[in-house]
Amino acid sequence: MSKNPALLITGGAGFIGSNFITYYLKKYPGRQLVNIDKLTYAGSRENLMEVENMDTYHFVHGDVSDEALVRNVFNEFDIEGVVHFAAESHVDKSIADSKPFILTNVLGTGVLLEAARKDWEKKGLLSKRRFHHISTDEVYGSLGGKGKFTEHTPYNPSNPYSASKAGANMLVKSYYTTYGMNVVLSSSSNNYGPRQHDEKLLPTIIRKALSLEPIPIYGDGMNVRDWLYVGDHCEAIDMVFHKGKAGESYNVGVGMKKRTLNSPNLFVNNLIK
Ligand SMILES: NC(=O)c1ccc[n+]([C@@H]2O[C@H](COP(=O)([O-])OP(=O)(O)OC[C@H]3O[C@@H](n4cnc5c(N)ncnc54)[C@H](O)[C@@H]3O)[C@@H](O)[C@H]2O)c1
């Protein structure tokens, strides 16, 4: 197995992770990349067809909260950095059952941090090698009609998904404060683009619109979200990973202006299932 330095990606068979892997391997030819993914209902190797046969790409099927598996990856490869995407990410599922969210998002992040810390400390590279946690603006809760989140907005998560991401963020920050580990965090708004799971809002709306069905939306339909193209997000991650300051958090979004839907026919007052 290769002992060349390799970037570790977690959750790379999902929506954003698979876009980042294809972006990264094209942008940095010759660089090695290892992807740990549990292949839950949200992940698929089909998302990585473009890179599957590249000899710089290595796939490990497994759970980020499995300490032995993660330790083996650090032993088999010279992991030079981590970009941690793996998460349970569907809000509605977290409301139905929070346990997998706590296990993957909090415990899994803890297992990865600890494996990276031990490996990099042993090599004298703890302050050099980078651990990048991919997070969400949902840790800040909801805005009123106006304003925007900043990196200094206090966390105010409003469901088990965002609470588990806020918990993971705090754990990541503590590894900077406690051990001087070279961590960065980026929190983005909602993404859209190729390979998004079809349960998510925009794919649902497009599918319903194409089949001339009513479009389901949350609440009264007046909520406003900032939508970020996944390719732009991948560029932002690349920038934060390579240029971000250790211990810092970076919010990523497009700052969309408020838009409202005027046709009453578009509103169906129920939750997206
Ligand atoms: N999608 C968005 O709009 C959005 C916005 C902001 C932040 N984020 C964050 O970005 C990251 C990626 O989001 P996404 O939309 O691509 O998610 P996704 O649900 O599409 O993909 C998650 C991936 O993680 C894998 N996974 C889940 N549990 C795992 C485990 N225990 N071990 C290993 N792999 C596991 C899944 O198999 C899947 O491939 C998440 O951390 C999420 O919180 C997403």
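In this predicted model, the second largest pocket holds about 210 Å³ of space. Its lining is made up of Glu67, Arg71, Phe74, Asn75, Val111, Glu114, Ala115, Lys118, Asp119 and Lys122. Two elements, helix 2 (67-76) and helix 4 (99-122), each give two or more residues to this lining. Helix 4 provides the largest share, with six residues. Sorted by class, the lining of the second largest pocket contains six charged residues, three nonpolar residues and one polar residue.

The ligand is surrounded by 28 residues, and the closest of these are Ile16, Asp37, Ser89, Tyr161 and Lys165. Several elements supply at least two residues each to the shell around the ligand: helix 1 (15-27), strand 5 (130-136), helix 5 (160-179) and strand 7 (190-192). Strand 5 gives the most, with three residues. By class, the shell consists of 13 polar, 11 nonpolar and four charged residues.

Polar contacts to oxygen atoms of the ligand involve both side chains and backbone. In the side chain of Asp37, an N or O atom is 2.6 Å from an oxygen atom of the ligand. For Ser89, the corresponding distance from a side-chain N or O atom to a ligand oxygen is 2.7 Å. Ile134 takes part through its backbone, where an N or O atom lies 3.5 Å from an oxygen atom of the ligand. The ligand taken alone exposes 840 Å², and 97% of that area is buried by the protein.

Methods. Residues are numbered from 1 along each chain as its sequence is written. This is a predicted model: local features need pLDDT of at least 70, side-chain atom pairs count only at pLDDT 80 or more; totals for chains, interfaces and linings use all residues. Side-chain values use heavy atoms; hydrogens and water are left out. On a 1 Å grid over the protein atoms alone, a cavity is a set of points where a 1.4 Å probe fits but cannot get out, and a pocket is an open set with protein on both sides within 12 Å along at least five of seven lines; lining residues have an atom within 4 Å of a point. Grid points are joined across faces, edges and corners, and a volume is the space filled by probe spheres set on the points. Helices (H or I, at least four residues) and strands (E, at least two) are DSSP runs, numbered from the N terminus. Ala, Val, Leu, Ile, Met, Phe, Trp, Tyr, Cys and Pro count as nonpolar, Asp, Glu, Lys and Arg as charged, and the others, Gly among them, as polar. A residue is near a molecule or strand if one of its heavy atoms lies within 4 Å of it. A polar contact is a pair of N or O atoms within 3.5 Å; within protein, one must be able to donate a hydrogen and the other to accept it, and residues adjacent in sequence count only if both atoms are side-chain atoms. Accessible areas come from the Shrake-Rupley method with a 1.4 Å probe; for residues, only the protein chains shown count as cover.
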